[in-house]
Amino acid sequence: MHFSRIPCLVNQFCEISVPFSRFLSSSTKMDIATPRNVKLSGFFRRSNAVMNAQERIPNCLTAVANELNSRMPDIRLQYGQEASEEMKNIIAKIYALKDEVLQDVPFRKLLSTAPDAKFYNDYLEKMTSQDCRPTMLQTIRVYAECYVYRRVWECFELTNHLKQFDPYVYLKNEILTDSFVLLKKMAKFFVSLQENPSEDKYFDFDKLLRINLWSNKRDKPLKQEYVRDRLRNIRDIDADNAHILCNNSKAAWVLFQTNVSVMESNLIVDFILDSSGYELFQDFCLADFLTMNTPIEKIRFHVKSIPWFIWSTTENDIDYLFNKMKQMTKIYLQSLVSRWINYIRQEKWQIVVRNFWCLPNDFSEMKNIDPWLYKTLSESTLIIVKGDINYQKSVGDYNWNPETPFSRALENFHPSNIMFVRILKSDLVCGLDEVAAKRVELLHRHISKGYMGMIQYARKPPDPQGFLDWNNFKKFDPYESLKQTLFRIADPLIHKTAQYLKNIYKHPSQEDKDDFEKLIKLLLWSNQSDYIMSKEYVIKSMAQILSTKQKEGFIVCNQLEEAWNIISDRSHPSNTIAIICDNAGFELFLDLCAADYLFTNYYARTIHFHVKHIPWFISDITEKDVYWMLHQLSKSPDKILQDLAGNWKEHFKTGRWKIIVRKYWILPIGFSRMKEIDPVLYKMLEETKIVIVKGDLNYRKLLEDTNIDPSTPFREALREFYPSDMILVRVMKCDVACNIPRQYVQKFEKLNEHWMDCGQYGLIQFAPKPEEYCDCLKN
């Protein structure tokens, strides 16, 4: 079968870094577990790497050699007598390699002239010294294991008749044959799932993903173990939920829930594949589901360029699987494989073969070693990384604390959003919340035995090269100078507010609510400073903003106390707060101050700032405005502002604070249609603790700009827009309002007939989510 395939070229080479060489400066081994933040190695006697070196790898080599020995008649018949003699020599070399591993013999340089051999040999040169030569137990675990399998392949490279022979082909094919019963059950289940989908297709996606996760258990170091492993009944998949440390499938699913008619879409998914056979079949089922049920335009499958780690998928393994499926008598299997082959012919699916996947380098070096591959992955909407060895390479094979965020662990590997699907077969784990991390600590002796699974999601952070550099934004903003003027006019207020925030931290009130209320009132009155009002009005209002006590009589209603019950609930199922931003300048600075208070006091661990994607309504915030302000604050001679800017930049870099840019905010429609038009955005808001809605235009869109009675309750006014509990913070600049008690309406009408649109009065309102809408976080 002909595959539409992307050519395999690795044009650049670089030296492998050795971040913990200081530990390997002598032959002495330490009888301790691997220290935190150090690469895993057999040098630490209580490391999982020791078990791999003394049991798993030798057993695998023995299994391969024994299988090849038993197949000698077939090899002689298919390849000839000379090839048979070469195979005898290869088998002897594999047995000898096993002895070298067990005896911890120093590694020798590869004899191969292939380009990838340079990476292995460069590492050996770098690590070799008078008192230290790399061995199975005396070097980084990933390098050691890759080196062994590269030595096996070298045995075949150096022959005349077996240069393309897959030493693991018989084991892989038998494993697939042993899986036929399970494969047929899965195919039947998958077809029924397509014919009778759930009302919410996320549940089908999640189930397929969990089935895919456990298919990784079919990758066994020995065929005998695999055969004894019971066939998993698809109907019992929910019974294994207790063995899943974390499941972030929903975060990945929302990436595909975009209304293509409104939002630009060029969705690509990349699978970095792991094992062949039944797991490969599961990968294609999951890819088929995504192809038929999401707006994805292309799926790429990344496979190994040489036979690797026994079970790893090569292009030939895909051929073999498809041919076997075509030979089966079940019509639903033949229909499936025909559809898959058609996807490949149409180039909806592509098979990508790159040498990088068989190098000993971790993925943080991909950008330097294979920039084409990194650039290709950067085009992806989601990268699905399968298996344990790919996980180890993604996070650098460091013994991270389980709570270490991916933003740190992935180092320089951030091409796109990543979902890891993995059965734990090593003791390396990161990116967990506190509860899951404690569970890992309790189970640490058993964590690498293949009983636990993980579906983890790592969101792509902003580009570190251009991050927070406002000069990198080249699009012209016609309102830029006006917005920057707003910031400069407010310079004295910004300094005073920064000092005010510092004093709140230094001398807090007895109740956090009181301090937060002060900030919210500042936030409210900062909304007076936009260029919809005149410049003269802005300058005049600036002088009054900090006089919050004098302005108490201008707050029409203040329902912050009710909202505080939600904000202060640290046991709330969500720890994310969203701010739908309004104006740049001083108001943006107050947005960041309020976020700082909520984050510093642990009322939120993630904060989303929703901004416009194009210049809008003169003073509305864009992503560029945020970066420009942080740039200005960091240059301030005021040490308090410098410190705030440094902290805020760090929050954005680590992903604790995120700028969310969605086109929905500039559409000429109200918020009630968000669920229909941009379900991704609606789902993000739905999964927050509370949403802070800023400004007059956002308020008008909440109410569909309807001129209703100001005392109309939220239940009637907000229609179908109830993603979460909401705080509405707004200076009144138009005659649209709701949920104001009747007596207050009458009072302010007597005070000022233009009270609703003169820009002097404000609202702090709380819109609780009705109970019938409150199932999202519970589920």
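## Strand 13 and its partners

In this predicted model, Ile692 stands opposite Ile727 in strand 14. Ile692 belongs to strand 13, where it lies on one side together with Ile690 and Lys694. Strand 13 and strand 14 (residues 726–731) run parallel and are joined by four bridges.

Strand 10 (residues 576–580) is also joined to strand 13 by four bridges, again with the two strands running parallel. Here Ile577 stands opposite Ile690 of strand 13.

## Burial of strand 13

Strand 13 covers residues 690–694, and five of its five residues are buried, so the strand is largely enclosed by the rest of the structure. In a regular strand, side chains alternate between the two faces of the sheet. Both faces of strand 13 are covered. Ile690, Ile692 and Lys694 are buried on one side, and Val691 and Val693 are buried on the other.

## The sheet as a whole

Strands 10, 13 and 14 are among the seven strands of an open sheet with the order 9-15-14-13-10-11-12 and mixed pairing. Strand 9 (555–558) and strand 12 (657–661) stand at the edges; each has a single partner strand, so one side of each is left without a neighbour in the sheet. From one strand to the next, the twist averages 15°.

At one edge, strand 9 pairs with strand 15 (residues 762–767) in the parallel sense, over three bridges. The bridge partner of Ile555 in strand 15 is Gly762. Helix 26 (residues 639–654) packs on the sheet and touches strand 11 (606–611) and strand 12. The direction of helix 26 makes about 65° with that of strand 12.

## Cysteines

A disulfide is a covalent bond between the sulfur atoms of two cysteines. The structure holds zero disulfides, the cut-off for one being a pair of cysteine sulfur atoms within 2.5 Å.

Cys557 falls in the residue range of strand 9, 555–558. Which cysteine sulfur is the closest to that of Cys557? The closest is in Cys738, at 9.2 Å, which is too far for a bond. Cys557 is buried, with a relative accessible area of 4%.

For Cys358, the closest cysteine sulfur is in Cys146, 8.2 Å away, and this too is too far for a bond. Cys358 is buried, with a relative accessible area of 1%.

Definitions and conventions. Residues numbered from 1 in each chain as written. Predicted model: local features only at pLDDT ≥ 70, side-chain atom pairs only at ≥ 80, totals over all residues. Heavy atoms only, no water. Pairing = 2+ DSSP bridges. Axes fitted to C-alpha atoms, helices over the stretch in contact; angles between N-to-C directions. Contact = heavy atoms within 4.5 Å. Buried < 20%, exposed > 50% of the residue type's maximum accessible area, 1.4 Å probe, protein only.
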